[in-house]
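I sat down with this model to look up how its chains meet, and then to follow a few places inside single chains. My entries are below, in the order in which I made them.

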Amino acid sequence: MFNALQNWLSSFLYDWLAILITLLLQAVAVILPVMLAVAWLTFAERKVIGYMQVRMGPNRVGPAGWLQPIADALKLIMKEIVLPAQSNIYLFVIAPVLAIAPAVAAWAVIPFDDGVVVADIDAGVLYVLSVASIAVYGIVVSGWASNSKYAFLGALRASAQKISYEIAMGFALVTVLMVADTMNLTKIVEHQQGGFWHWYWIPLLPMFVVYFISGLAETNRAPFDVAEGESEIVAGFHVEYSGMAFAVFFLAEYAMMILISFMTAIMFMGGWLSPFEGIPGLETLFAWVPGIVWISLKVAFLLFLFLWFRATFPRYRYDQIMRLGWKVLIPLTIVWVFVVGLMQYFKLGPWFN
Amino acid sequence: MNFVIPNFAPAIPEIALLILASVVLIGDTIWSKRCQNATYYATQLSLIIVGWLIVDSFTVHQIVTFDGSFVRDTLSDVLKIFTVLIALGIFLFARTSMQEKKYGSGEFYVLGLFAILGMFVMISAYNLITLYLGLEIMSLSLYAIIALHRNSGVAVEAASKYFVLGALATGMLLYGFSMIYGATGEINFDKIAAVIATGQVDHTVLAFGVVFVVIGLIFKMGGAPFHMWVPDVYHGAPTAVTLFLGTIPKIAAFAMVYRLMVEAMPGLLKDWQQLLIIVTVLSLIVGSIVAIAQDNLKRMLAYSGIGHVGFILLGFIAGTFDGFASAMYYVLVYAITGLVGFGMMIVLGKGRQEFDRIDDFKGLNARNPWLALMMLFAMFSMAGVPPFIGFFAKLMVIEEVVKAGFVWLAVVAVITAVISAFYYLRVVKVMYFDVPEDTTPIKAVNRTTQWTASFVAIALLVFGLIPSGFINLCYNAVALTH
Amino acid sequence: MTFETFIFYLLGFIAAASGLMMITVKNPVKAALWLVLAFIATAGLWILAQAEFLGLVLILVYVGAVMVLFLFVVMMLDINLVVLKEGFTRYLPIGAVAALATFALIYMVVGPDRFGLQAFPAPTPLPADASNTKMIAVPLYTTHVYAFILAAVLLLVGIVAAISLTLRRRPPKEVQYQDIDAQVKVQAKDRFEMIKMAPVVEPEIKKEEKEE
């Protein structure tokens, strides 16, 4: 579709302008749904947690509260952005941008369906990992530039925590790469074809769990949300932010959540593949469902887990987070890398060939 | 993809050393609480095993493996055996010193083993990457070993200085490497030599590469004019560590210079020779003159070490294989003599106080005549007084330089040797003719170190009286290598 | 100028400018952030040179991990800038001359005269399906396996050195360490004891009651 558009545009525009316009449209086509998903994810969060705590959740704006995100957005846009006098203004302003840019940029390589991807690059996994690793700068810079004790503590916590869990995350992905023999996200999904028992969550079950836990920590979500830790350090790194600047941090956090869910779905849950593949009867019955529906369902389930955990678990203490990351998850992943290596070498199990 | 499993057999000593060092590392955390000396004994045992493995597979042929990144030849075997032997002595002294001075931990031995592994890698390196990695493994371990005594401000300062200047030197070296690679397109030493021999290579780039490489090497060896770190580091580090720093790294540095200059860039002899001449003359002068002003034995030996680097480089300047052999002989002799020189400070250093000022040695003859005699052996050998072994080392090097036609260099070397004899003999004078403030007899810290020091010191004399075996060993090693 | 050349010069300018800013800016945190920018621009240059794997790893390792830790430390340091800047102006002329001379030498030696397109023609672009990762991985695990293992040893030495230099075990009296294994293994009987006691009888109270 976009190729045709580019060809049509280049028939009467400069080539580079045509490419640029197509790229922009592609970016909008990905970012807009993501941002909308973020908006209603906040709504879903409040509703889900509300019901879990036997409350109604927001229910005043629009039918059953469905317009609540719009109201929130309007409110945040209207509010004044306070710039603390003692802060480092440039860095203070640039920090939210640093937070949101990677969270958006990472979407470039995420496949939503077979072939529906902005850039089908060879090192897709590596790209997502490295772009996601930059996201920490938004938090660190905001914490430092605010010139506030609480913000600073939040920044320190966030930087140490993210690095610790990135290692476990990377190792968990290494096992996927070993099994799939590629770093291209589309090909990883293609390798999982043949029914849900061929998805990697079974042979790599511990890595699936580790990846998801690390994802929680990477996005600073409960029970690992010590960077915000409202009961200890007020609101952590964004304590000095208000209005839209504050909202941008939230956008980034939720966009990262959705990204992690997408990555988990692609890596371990067969991406856009139908769960009924290989089951006689059901397979043909559901053959008409487009892949994007399946991947959305999987992502929705994973996002529900995010919310569920937040409603269920108490917050970890900081040293316990570090302990879990370094002394439990990382050794586990390293061991599993060797296990997968041996299984592959001796051709054990039906998943490796 | 045609992948052939490389021949691991020649690298078995390195592999064994790596495994044993890792075992000691893990073991140390387990047994350090129960048995204090277990790590020490495990370290010595590891060294003995590695030494035996080298002797057992001693080779007279050149074996290249790992796609040309590793070489095993007679030169490497001889150097490694000496490294292991001297390291055994170092750890023996070091344990005594650390027990006496109440610091240190199992990490000293672990890092020491890793440093030796780095030296092995350097000695056996056959391409630029391996050489660099070996150098870094050794240097990083040494930086950490110095700073291990972290309650001592001077030690930490010494480590920082060593680290910063070492990093700078590494940068120079790598820059030179990249130029050589850029000009020749090869990283293996034999291929670099072959490409240079074709004469198709841009000489300017190569010459600049050589300049940076030589600067880096001299930095690491501690030759003038890049010697600033040497006295501070030797002085600041605890004596046990100075002993380590001042001896075996020089052997590895010799191997590094040999591999780079002789095996990779023999075609550029004229270029590096000129550079080395400047470095040598400066080192000889600094080593002989500045050392006179020192009142601390470690500092004095540090400056004298700079002078010794000058002598080692003289052998390279000769540019002949006999010259390289004489340099090898010199470096081995220097390392062994250093073992006594620095070791004596440990043998005498009872209590928490370091025994490293020259004044501490005042009237040692009256307080402990035997150890004074051993110290005299060491000083005579360093000064090059016949019939001690150091005399032959200096003699061989100067002879090779004269043969190569650099008579003026030989004259400079002799003059500086005479000047440096002054401060070595001053130590002897202080020991024998000065009246001590405290006339109570000094006892050695313990028997083992006393007899080890004495044994090595007497060996200096014995090998000086019958020098031919040792000299032939070095000449044959180099002759079998090329 | 093609689009690629334009991107090359843009990234090159960003890399050089941020490198310059890094060494001139006064605040160490800002310097670290400029260095991050320099890394990102360099990664872009590498990707432009068809080394995507290296470029992405540069971002992942240096930007995502090393510099974050660096910032972590630098942010907490209270560096006295006045002392650091002492002698800056005094040595500036010498430094500038040395830098210029070095630059001139480098330009002469590795400049376009010797390493230009005439001497080293541009490599043919890789086919679209060439896997950069495999191209690096295969030599790393075959030809250069010895160096690869040695690099791992180097890192191990770094870990040992860093831990042995910084780990200070304080006596248990000063610090209460949490022993999670012990906490998990704990049984009810370790914490909780049932004690049977005979009922306490107080006969005197009865007496008093009688008196009343």
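Entry 1, the contact of chains B and C. The model is a predicted one, and I began by looking up the contact between chain C and chain B, to which chain C gives 21 residues and chain B gives 32 residues. On the side of chain C that touches chain B, I found that α5 (88–110), α6 (112–115) and α8 (145–166) of chain C each supply at least two residues. The largest share of that side comes from α8(C), with 13 residues. Sorting the residues of the side of chain C that touches chain B by character, I noted 15 nonpolar, 5 polar and 1 charged.

Entry 2, the pairs of chains. I then asked which chains have the most contacts among the 2 pairs that touch, and the pair turned out to be chains B and C. Chain A and chain B, by contrast, do not touch, and their nearest C-alpha atoms lie 16 Å apart.

Entry 3, chain B by itself. I looked up its elements and found 20 helices and 2 strands. The radius of gyration of chain B is 21 Å, close to the 23 Å that the globule rule gives for 482 residues, so I recorded chain B as being as compact as a globular protein of that length. Taken along the principal axes, the C-alpha atoms of chain B fill a box of roughly 70 × 55 × 40 Å. Of the 482 residues of chain B, 59% count as buried, and among its contacts between residues at least 6 apart in sequence, 79% join residues at least 24 apart.

Entry 4, helix α4 of chain A. I checked the length of this helix, residues 89–105, and because its 17 residues should span 24 Å at 1.5 Å a residue, the 25 Å between its end C-alpha atoms agrees. α4(A) bends by about 30° at A:A95, and I noted that a proline, A:P96, follows within four residues. Both A:A95 and A:P96 are among the buried residues of α4(A), which also include A:F92, A:L98 and A:I100. I traced what the buried residues of α4(A) pack against, and found α5 (124–134), α6 (136–145) and α11 (243–268) of chain A.

Entry 5, A:L153. Is this residue buried or exposed? I counted A:L153 as buried because 21 other C-beta atoms lie within 10 Å, where 20 or more are needed. A:L153 sits in helix α7 (residues 149–180) of chain A, and its C-alpha is 7.7 Å from that of A:A227, although the two are 74 residues apart in sequence.

Definitions and conventions:
Residues are numbered from 1 along each chain as its sequence is written. Chains are lettered from A and ligands numbered from 1 in the order in which they are written. This is a predicted model: local features need pLDDT of at least 70, side-chain atom pairs count only at pLDDT 80 or more; totals for chains, interfaces and linings use all residues. Two residues are in contact if their C-beta atoms, placed from the backbone, lie within 7 Å. Ala, Val, Leu, Ile, Met, Phe, Trp, Tyr, Cys and Pro count as nonpolar, Asp, Glu, Lys and Arg as charged, and the others, Gly among them, as polar. A residue is buried if 20 or more other C-beta atoms lie within 10 Å of its own, exposed if 12 or fewer, and partly exposed in between; C-beta atoms are placed from the backbone. The expected span of a helix is 1.5 Å times one less than its number of residues. The bend at a residue is the angle between axes fitted to the seven residues ending there and the seven starting there. The radius of gyration is taken over C-alpha atoms; the globule rule is 2.2 Å times the number of residues to the power 0.38.
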